[in-house]
Structures are given as structure tokens and as C-alpha cells.
Amino acid sequence: MIPPTPSPLLDRRTAIQWMLTAAATLTVRDHSALAAETPGATASARLPAKGYGPDPSMVKFYLPGDVWPLTFTESQRRTATALCDVIMPADETSPAASTVGVPAFMDEWVSSPYPGQKADRALILEGLDWIEAEAQKRFKTSFADLQAAQHIAICDDISQAQPKPEFKKAASFFKRYRDLTAGGYYTTPEGMKDIGYRGNIPQATFDGPPIEALRHVGLA
Amino acid sequence: MPVITSAQAQDSYDVIIVGSGAGGGQTAYTLTMEGVKVLMLEAGRSFDPLTEVAMFQLPSQAPLRGEKTPDKQYGFHDCSINSGWDIPGEPYANAGKKPEDQFRWWRQRMMGGRTNHWGRITLRNGPYDFKPYTQYGAGFDWPISYDDVAPYYDKVEMLIGVFGSNEGLENSPDSSPGVLMPAPKLRVGELYAQKHAPKADMKVVSIHRAVMSVPQDAEKLPAKLHPGNPKAQSILADSMRSRSPCFWATDCHRGCSIRANYDSQTVHLRPALATGNLDILPNAMAREVTVNKEGKATGITYIDKTTGKEGHVSGRAVVLAASSQESVRLLLNSKSSLFPQGLANSSGKVGKYITDSVSSSFSAHMPAFEGMPLHNEDGAGGPHAYVPWTQHEQNRKGALGFPGGYHLEFTSGRQMPSMTVANGFDNLAGRSGVTYGRQLKEDARRYYGCRLGFGAQGTMLPNEGTFCEIDPDLKDQWGIPALRFHWKWTDHELNQVRHQQKRIGELLTALGGKFTKPPETDPLKAIRSGGSVIHEVGGAIMGDDPSRSVTNQWSQTWDVKNLFMADGAPFASTADKNPTLTIMALAWRMADHLMEELKKGNI
Ligand SMILES: Cc1cc2nc3c(=O)[nH]c(=O)nc-3n(C[C@H](O)[C@H](O)[C@H](O)COP(=O)(O)OP(=O)(O)OC[C@H]3O[C@@H](n4cnc5c(N)ncnc54)[C@H](O)[C@@H]3O)c2cc1C
Ligand code: SF4
């Protein structure tokens, strides 16, 4: 609804403050509301498996499982988590994928009722089961419990441009899983920071590029 | 007078407007500020840009990282609700079977229409764009010239707030002195393109966008826009003071709670409501324009979507601003014994001559940007610069094989990452397999922000093979007959796209870009399908001959003199400029004429 009367004057500083307060309030409100709705991790499984519809609340903050139930079994979740971290491990400057919730995002993705994601569902669920079976076959150990070198032994076989015939299917799973992990990672605040995104912050002025950036491309 | 329900509508209004987007918003503003009593029907629900838009949310706070889904076809946080290429219960058809003969139709069903998520690029049509037949020997001359519209461009720009710079370009007109807000500084990628584009005989200049870079001048502008009307001046001054300039963060497609950019509600409908002269009835899907025995429009029959019931509202004049093709559909569905071919269609031209911007794009990796010192490149949530069309001389010699031209829009730099941010890194690194682990993170840091892509948007003149009609069978969920589109590219568009691809390739090469495959040489593979650019206009074109056009120069239908069009339907062609600023300028001009006619008692 359009408010019938104009709201009082908003100068830029007030506006910025107002926006930030609004954002902060939303975090608190939504997370406490969510906590009330989902007393246990399994509660989300009771939600109906449909999309968010053409008119969802855009300002709310969503977590995987809020809109449709998640799918991974305990074993798939363990495998998925380990594989995410093989793909995006912690290093000197940024955390591992599992630290920033990428495995839960993967679960949300494959559980989605939309056609784009449904196509990934079989590939990923079967792929996780395959990689777990492969770990058992090669090392008699769960994929999640393998040593780094053992993870790499399996992943190297399925990350080749020309994989051996027996790894063809696993390779298409790995490529897709890698892309989704990277996307899931770089869309988090930690991932954004790591990749070098410095925006989404209101400022009183836009001052253009710093002199070092201009120098870098021969403009100063 | 406020946002109302069907039961609250008054018996009769001076003017009924259908649609609350750019054209409807501008018309309602102009009329109500001058005291005309208006009812606006809007098919979508009320929407509050102040509390409902997600300016700062991250993709990780949306389902599926905000990716597109059939429910939200431009992504979760995009300011489009109940809207899309496909809307359940609101079908349309395509007559052509081949991919290149298809038209795609984006519809926005919410208060404010598409102005909630448009790109806010506001370029003026130039003198040639109004006279394509004289200039190129093709298409139709508009019955008006640039000089007729220029004062209205100034007025709309002052009202909505547009940043940009005057560049003295041929056929890409300057604004009058004092009208534009200062252009924001260019980003490093934009400056880099500006420096090197001349090697490809192109230039990069500041773009014009409906984004406020500084506060609006609430002391001076209201008197310029509403001379001799103190009430309007004071309402407008309040409205201007309530808007904040851009705070250089957040994507404008998500909407702007601080009202720094233009959308219809924030800029047009707020002051219009404050006059007390406007009622807005949301959830009202217009079905038909009703007429009396004398052939004058009497009002609109609509479906109240909250109850499913039919209603009728009356006015002395009717203005259609439902978006060009939706308004055409209304005309074609308004059949009576007086108007068996649909309303205002004695020429048989209703639905004919639809055009869209002619578009293709191409991008490259920029090694020069690797290792760039990190900094905040958000700026005004969209482009600060563009490549205007400058090859008029070649065109005059007929050397290009197409009329008009195209401009290039581009994005560079470090925008907020999305799910596709890491695509293509294996290729860039020259690795044949799928990189993972620490190496992947290093690749990402190295290659992110190094893509530069250009998208062309060009002239399209009307042709006989591109039109819409009522489908004989298809109906929407309320039983309203749906449209069927016919689409045909001519050699003009195909030659233009060939040229676009070649020139973008040359430009990227001049900038030191690296691409794995060359630009597309098959124009049918490169061209974006009809409607895809969402600049579709035409279908009720203006002209000076009633037998060959639907409206006169005032967007007033020849056949029904109290029936007006205020969206893109009266456009006689698409320029190499985005259409919305022109839609608003023509709507303001139309509304002034409508008021004159009401005053004179001609309507
Ligand atoms: C992603 C995107 C980017 C764009 N970027 C730009 C840009 O940078 N520059 C530019 O110039 N243009 C741009 N455009 C195009 C611009 O949005 C349109 O040209 C402009 O909004 C058209 O205004 P309008 O009033 O004709 O229609 P709309 O804004 O579509 O408004 C029409 C309204 O009428 C309502 N309606 C429809 N049918 C009925 C009915 N039967 N009864 C009642 N109400 C009805 C609709 O619900 C809607 O609210 C962009 C569009 C999109 C989608
Ligand atoms: S970039 Fe500026 S104008 Fe655009 S939405 Fe953000 S604050 Fe508003």
C-alpha cells in the first residue's frame, strides 16, 4: 500500500541509518521467528514440498529448509560436507565451504521443487552415493573419514577432462558439484570477501577508483 | 483520495487510466497535479517500495542463493512479484514455429509495473529517430519531431531526477542546461574502456540514468514544472525533499527504499495521491473499454481479482497505459456493433508494427584487470557509462545495410557475486580438467572481476510480418481472449546484428580482451528474440493519416476522440535508445492536450 501522506524528510544519513536499522531488525525478527517455527532440525521435513510462489516476502532472511524440506540422509550429508571441503578447503585467508554452510545449501538445492534444480537432483544424490561406495571400495573407509591424499586420489580420477570410461558419470557429477560448491561459497559474506568483493555498503559519496587501481591499468 | 476497493470507487471520474507503470504514472501525475479527478486501475496488487524491497540482502539469505526460478524469473530479490515471461493463468501464443519467429512477452503485475525493476537508463530519442523515413527511406516518420518532445524530456528529467552529462553527440540529444544531475565518476573498467575505445573508432561517455546523484532542487524545480500552481508546487517540493540521493550501494533492479531512483509509485503516484485527486484501484484487471451509441468511450469493465466479480467504472475520458501490447489487447477485445474489428481500429492497424530493441552481446576476459587492487565498485547500482552510436556518416552513405544504429551498454568490475561467478575459470587458467581445492580459490581471486561484456540495443523499424492479434481459442483465467504474436526479422535487423557482433569484437580486441571463440557471424544465432529486451512498443502507432495509423500526434485515437494511449503503443518505431523516457515525455504531452480538450469541452 502506498502511504496516503508523504513521510517526513529523510536526509541521506537518516536514510542510511534507517536502512541499516531495518536490516538489523529483520535479522533479529526473522531468526527468532524461525527459531520458534522450527524447534528441531527435523521440523523442516514437515514443510510441504512446493516453491515459494510468485509473491514471497523478499525482505525475510531464509535458511535452507525454510521453504521446502531437505533431502540428504545422514550419510549423504557427511559425504557432501567432506566433498565441499575438498573442493573449497580452508586456507590462510578464508574458511572451508562447510564452515559457511555450503553443504546445507547443496541439500536445499537438490531438494528444490523447481525444474532447473530437479535436473541436478539425481546426478548429485547418485554421485554422493557413488563417491561413498568408491571410498569404501578403495580404502574400506567412509569418504568423510579419508585422509587428504585419499580424497585427492578419488577426486583426481573424476576431475580429468578425459576421464576413464568407468569414471565418466562420476566426472559429470564432480563438475556440477564443483560449480555449485563454488557458487554457494562465493555468495556468502566470507566468500565475497575472499574473492575480492568490497561493496554492499552505503556511502555518502562515490569517489571513483583509487589511484592504485588506475595505475594498475595504466590510467595514472 | 487513496488506494481503494471496488466498493469505494466513485460514480464517475474525469479520467480513467488503466495501468500504473511509467506511462500511467506520468499521466496520473500530470492530470491530478492540475486538478483533474482520476481513477487508476491496476491489475497487480499494492506494493510498498519502502518496506518490501530487499536492498541489502545477500544471495545466501534467499532460497537457492537467489537464482532464477519459474516463480521469480529474474531472481529472488529482483523487484518483480507476480510477474514474468510466463504468468500462471495468463497465457499468450506465438504463430511462428521457428525460434527466430517467436516473441517473448514480459509482464509485470504489481503496483508501479515494470518501473519497479527497470534498468533506469534514460536516453532521449534524437531528431533522426522521429523521422526514419526521411532519414533512411524506410519505416514511418512520426507526426512529431524532436523539437515537439524536447520540452517534455526536460520536464520529465527534472521531475524524476536523472544523472548524466551533455556530450553534444549527433542524434543523442543533450538536456537543457541545469536539468541533469552530475554524472557519477566512472569505474576503473569504464575509464579503461574510455581510454582504449577510440582505437576501434568508438567512444565511451557518461550514461543518463534515472538515479539521483545529489538531492533534487526542491526550491526551484517545482515552480518550473508547475508555474502558477502553488498547491502543485508545494506537493512536489515535499515529494522532492522526501527523496534521498543514491548511497552508492545495492542493485537498482531490486528497487530503492530511499527513493533515489525513479519508480512510478515513489515519484509519480505519491504526489498524485497527495493532491487528493487520485483513486487507485489495485487487483483490477481491465477487460474492455465500453462505448456509447455515439462511439465515445464511457469507461472500463474490469475483473476484481480479489472477488472474481466484474465491475465497471465511468469517466469522461479513458487512457490506456497497460503496457503497449496489453493495451492493444484491450482495444482488440473491445468489440461492438460500432467497432466490430475492435476499438479504434478502422484503419485495421491495431496490433500492427510492433518493434523491440535489436540486440546481441559478446564478452571477453580482460587480463589487464587481473590483480586489480581491491576496492568498492558498486556505484549507482548499474552502468555509469555507455558507447553511443556515432556512425551516422557511414549510414548516410548507405554503407551499413541497416537504418539507424545501436548503442552499447556494458558492465565491468566486481559486482556482487552470484551462483555463476566462478564459471569459466578452468578455461581461463588453461586447465583441461575441473580444478578444485586451494588452486580453485587462487584462480577465483585472480579471475573474478575481469570480464567485460557489451550488449547492443539498436533501431528497429516496423515491418508487415510483426504484429499481434486475438488468438481464436486461447483465453486467460478470467476468460479474456489472449494474444497471438507474429514476429519476423528483416535484413535490416540481421545486418545490424552482424555489424554489432563484428564491432563488439573489434572493441574488445582494442581493449586487449581475450576470447576463446570469435564473435558470432550468424545473425540468427546472435540476435536476442523479439520481446527479449523488454522494450516492445507499437501496436497502436501514431501518424498523420487516419487510414494508416491508430492515433494522432497526441496519442489520441482517431476513431474515439476521448480515448488516449499513454504507454509505448503509439511508438512508430524503436530508436537506438531505451523507450521509457520517451513513453513518459509523450504521456505528459498527451495529458496536457487531454486537459486542453477537457477545458474546451471537446471531450
Ligand atoms: C529488466 C528490465 C530492464 C529494463 N530496463 C530499461 C531501461 O534501462 N531503460 C528503459 O527505458 N526501459 C527499460 N525497461 C523497459 C521499461 O520497464 C518499460 O518500457 C516501461 O516500464 C513501460 O511502461 P508502461 O507504463 O508502458 O508499462 P508497465 O511499466 O509494464 O506498466 C503497465 C501496468 O499495467 C498493468 N496492467 C496490464 N494489463 C492490465 C489490465 N488489463 N488492467 C489493469 N492493469 C493492467 C500492469 O500490471 C502494469 O503494472 C526495462 C524493462 C525490464 C523488464
Ligand atoms: S544504487 Fe542508489 S539508486 Fe540504485 S537502488 Fe541503490 S541507493 Fe537506490
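A polar contact, as used here, is a pair of N or O atoms within 3.5 Å. Keep that cut-off in mind as we walk through this predicted model.

**Arg187(B), a good place to start**

Arg187(B) sits in the loop between α4 (146–160) and α5 (188–196) of chain B. Is Arg187(B) buried or exposed? Its relative accessibility is 6%, so Arg187(B) counts as buried. The side chain of Arg187(B) reaches the backbone oxygen of Gly382(B) at 2.8 Å, and it also makes a polar contact of 3.3 Å with the side chain of His384(B).

Setting aside neighbours within four places in sequence, Arg187(B) is in contact with residues of chain B including Glu377(B), Asp378(B), Gly379(B) and Pro383(B). From chain A, Phe206(A) and Pro209(A) are in contact with Arg187(B) as well. By contrast, Asn94(B) is 93 residues from Arg187(B) in sequence, and their C-alpha atoms lie 42 Å apart in space.

**Chain A and the nonpolar cores**

Chain A has 8 helices and 0 strands. Of its 220 residues, 46% are buried. Among contacts in chain A with a separation of 6 or more, 60% join residues 24 or more positions apart.

The largest nonpolar core holds 56 residues, and Leu83(A), Phe143(A) and Tyr177(A) touch the most other members. Several chain A helices give two or more residues to this core, among them α2 (74–87), α3 (102–111) and α4 (115–139), and α12 (438–447) of chain B does so too. The largest share, 8 residues, comes from α6(A).

Phe143(A) is worth a closer look in your viewer. Not counting residues up to four places away in sequence, Phe143(A) touches Thr79(A), Ala82(A), Leu83(A) and Val86(A), as well as others including Ile131(A), Ala135(A), His151(A) and Ile154(A). A second, separate core of 55 residues includes Trp248(B), Cys256(B), Ile258(B) and Ala317(B).

**The two ligands**

Cys256(B) turns up again beside ligand 2. There, 14 residues surround the ligand, and Cys246(B), Ala249(B), Thr250(B), Cys252(B) and Cys256(B) are the closest. What classes of residue make up the shell around ligand 2? The shell has 10 nonpolar and 4 polar residues, with no charged ones.

Around ligand 1 there are 34 residues, of which Glu42(B), Arg114(B), His117(B), Ala286(B) and Thr580(B) come nearest. Backbone atoms also approach ligand 1, as the table shows.

| Backbone polar atom of | Atom of ligand 1 | Distance |
|---|---|---|
| Gly113(B) | oxygen | 3.4 Å |
| Gly119(B) | nitrogen | 2.9 Å |
| Arg120(B) | oxygen | 3.3 Å |

**Helix α15 of chain B**

Thr580(B), one of the residues nearest ligand 1, brings us to helix α15 of chain B, which covers residues 580–600. At 1.5 Å a residue, the 21 residues of this helix should span 30 Å, and the end C-alpha atoms are indeed 30 Å apart, so the two values agree. Why can α15(B) be called largely enclosed by the rest of the structure? Because 17 of its 21 residues are buried. An α-helix has 3.6 residues a turn, so residues three or four places apart point the same way. Just after α15(B), Gly601(B) takes a positive phi of about 75 degrees.

Notes: Residues are numbered from 1 along each chain as its sequence is written. Chains are lettered from A and ligands numbered from 1 in the order in which they are written. This is a predicted model: local features need pLDDT of at least 70, side-chain atom pairs count only at pLDDT 80 or more; totals for chains, interfaces and linings use all residues. Side-chain values use heavy atoms; hydrogens and water are left out. A residue is near a molecule or strand if one of its heavy atoms lies within 4 Å of it. Ala, Val, Leu, Ile, Met, Phe, Trp, Tyr, Cys and Pro count as nonpolar, Asp, Glu, Lys and Arg as charged, and the others, Gly among them, as polar. Helices (H or I, at least four residues) and strands (E, at least two) are DSSP runs, numbered from the N terminus. The expected span of a helix is 1.5 Å times one less than its number of residues. Buried means under 20% relative accessible area, exposed over 50%, partly exposed in between (1.4 Å probe, protein chains only). A nonpolar core is a set of buried Ala, Val, Leu, Ile, Met, Phe, Trp, Tyr and Cys residues joined through side-chain atoms within 4.5 Å. Contact means heavy atoms within 4.5 Å. A polar contact is a pair of N or O atoms within 3.5 Å; within protein, one must be able to donate a hydrogen and the other to accept it, and residues adjacent in sequence count only if both atoms are side-chain atoms.
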